[in-house]
Amino acid sequence: METKTKKGFDAVKFAREQKDKLSAELAKMTKEEIVAYFKKVRLESRIKPCG
């Protein structure tokens with residue numbers, strides 16, 4: 001007996017889309033630009049633990 005449920009969010013699909021998007025973005029950059037990009041992203045989206 002199989003039960004099918006409809007997914008509201010597909011995590012694997014989302015992760016693959018993000019990987020492809022980032023790969024396409026980084027393919028156009030030089031090494032220095034990539035390093036600067038990750039430094040900027042790390043500072044902007046820093047997740048701080050609460051506790």
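## A quick tour of a two-helix protein

A compact globule of 51 residues would have a radius of gyration near 10 Å, but this protein comes in at 17 Å. Keep in mind that you're looking at a predicted model. Its fold is quick to list: two helices and zero strands.

**Overall shape and surface**

- Picture a box drawn along the principal axes: the C-alpha atoms fill roughly 55 × 35 × 15 Å.
- Just 4% of the 51 residues count as buried.
- The accessible surface adds up to about 5400 Å², and carbon and sulfur atoms account for 58% of that.

**Charges**

- The protein carries 14 positive and 8 negative charges.
- If you take the mean position of the positive charges and the mean position of the negative ones, those two points sit 4 Å apart.

**Aromatic pairs**

- There are two aromatic pairs to look for in the structure.
- One of them joins Phe9 and Phe14, with ring centres 5.6 Å apart and planes at 50° to each other, which makes the pair tilted.
- Phe9 counts as exposed because its relative accessibility is 57%, and the cut-off for exposed is over 50%.
- Its partner Phe14 has a relative accessible area of 40%, so Phe14 is partly exposed.
- Tyr37 and Phe38 also pair up: their ring centres are 5.3 Å apart and their planes meet at 75°, so this pair is edge-to-face.
- The label follows from the angle, because planes over 60 degrees apart count as edge-to-face.

**A closer look at Phe38**

- You'll find Phe38 in helix 2, which covers residues 31–44.
- Is Phe38 buried, exposed or partly exposed? Its relative accessibility is 40%, so Phe38 counts as partly exposed.
- Which residues does Phe38 touch, once you leave aside its neighbours within four places in sequence? Phe38 is then in contact with Leu22 and Leu26.

**Glu25 and Tyr37**

- Glu25 belongs to helix 1, the stretch made of residues 11–27.
- With a relative accessible area of 29%, Glu25 is partly exposed; that's because partly exposed lies between the buried cut-off of under 20% and the exposed cut-off of over 50%.
- How far apart are Glu25 and Tyr37 in sequence and in space? They are twelve residues apart along the chain, and their C-alpha atoms are 10 Å apart in space.

How values were computed. Residues are numbered from 1 along each chain as its sequence is written. This is a predicted model: local features need pLDDT of at least 70, side-chain atom pairs count only at pLDDT 80 or more; totals for chains, interfaces and linings use all residues. Side-chain values use heavy atoms; hydrogens and water are left out. Helices (H or I, at least four residues) and strands (E, at least two) are DSSP runs, numbered from the N terminus. The radius of gyration is taken over C-alpha atoms; the globule rule is 2.2 Å times the number of residues to the power 0.38. Buried means under 20% relative accessible area, exposed over 50%, partly exposed in between (1.4 Å probe, protein chains only). Accessible areas come from the Shrake-Rupley method with a 1.4 Å probe; for residues, only the protein chains shown count as cover. Lys and Arg count as positive and Asp and Glu as negative; His and the chain ends are not counted. The place of a charge is taken as NZ of Lys, CZ of Arg, CG of Asp or CD of Glu. Rings of Phe, Tyr and Trp (its six-membered ring) pair if their centres lie within 6.5 Å; planes under 30 degrees apart count as stacked, over 60 as edge-to-face and the rest as tilted. Contact means heavy atoms within 4.5 Å.
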